[in-house]
Amino acid sequence: LIAALLVFGMVFGVGQAAAASLPGGPLYGLKLTAEDARMGLTADPEAKAELAVEFAENRLEEIGKMMAAGKTVDGETAHKAQQQVSQALQYMNQVQGEGQGEVAQQLGTMLQARHRVMSEEIKGEPRQQQEPVRTLLRSMEMVQNRVNEGQGSQNRNAEGEPAQPEPPNQGGQSGAGQQAGQQDDGLLDGTGETGQGGQGQG
């Protein structure tokens, strides 16, 4: 019994340490694996969307801590955070009914708070090191706008107003691609360069 308690204590301690780890840390991979396992064990769409928002906040919080500690945020780290934010938006869109509005509020509030913190932190960064974070901030703003547009549409429908027609496709892109969140949202690729079609799959 004592041995089992010791093993549990060690595992719990490692888990706690992993939860506090940052990109590049020795336990960071364990943290991501634990998140993947939680998502894989969750079946309810609304619960999955809430988890996706939580994990997106984790990525943004990690970047905020790196900046506060004077660590450089590289393009790959910013890219992973952008993917997680985009994924949260996609999971939100899969929720039906009133639950989508609740998740949208969680996502919008989180993005607004994290954007405010990171915008302050970036002011002390050398200009050359700011670009990955600035691109991430722009992507967060675009997702925030999409969340706000979705909430506005839901409110109008709830009040019995007719739905607004969709704008014409830009550049010949299909409506299905737009609904799936596959438009150019300013995502960084793994090299830190801005690319098209970020699908938010991490």
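Helices (DSSP H or I runs of at least four residues) and strands (E runs of at least two) are numbered from the N terminus. The model is predicted: local features need pLDDT of at least 70, side-chain atom pairs count only at pLDDT 80 or more, and totals for chains, interfaces and linings use all residues. Residues are numbered from 1 along each chain as its sequence is written, and side-chain values use heavy atoms, without hydrogens and water.

**Exercise 1. Describe the fold of the protein chain.**

Step 1. Count the elements: 7 helices and 0 strands.
Step 2. Read along the sequence; the pattern is α-α-α-α-α-α-α.
Step 3. Take contacts (heavy atoms within 4.5 Å). Among those between residues at least 6 apart in sequence, 63% join residues at least 24 apart.

**Exercise 2. Classify leucine 22 and glutamate 50 by accessibility.**

Step 1. Set the cut-offs: buried is under 20% relative accessible area, exposed is over 50%, and partly exposed lies in between (1.4 Å probe, protein chains only).
Step 2. Leucine 22 has 18% relative accessibility, so this residue counts as buried.
Step 3. Glutamate 50 has a relative accessible area of 31%, so this residue is partly exposed.
Step 4. Set the chain as background: buried residues make up 37% of its 202 residues.

**Exercise 3. Place leucine 22 and list its partners.**

Step 1. Locate leucine 22: the loop between helix H1 (2–19) and helix H2 (28–40).
Step 2. Leave aside neighbours within four places in sequence. Leucine 22 then contacts Tyr28, Glu62, Lys65, Met66 and Lys71.
Step 3. Check a C-alpha separation: leucine 22 and arginine 59 lie 8.9 Å apart, at 37 residues along the chain.
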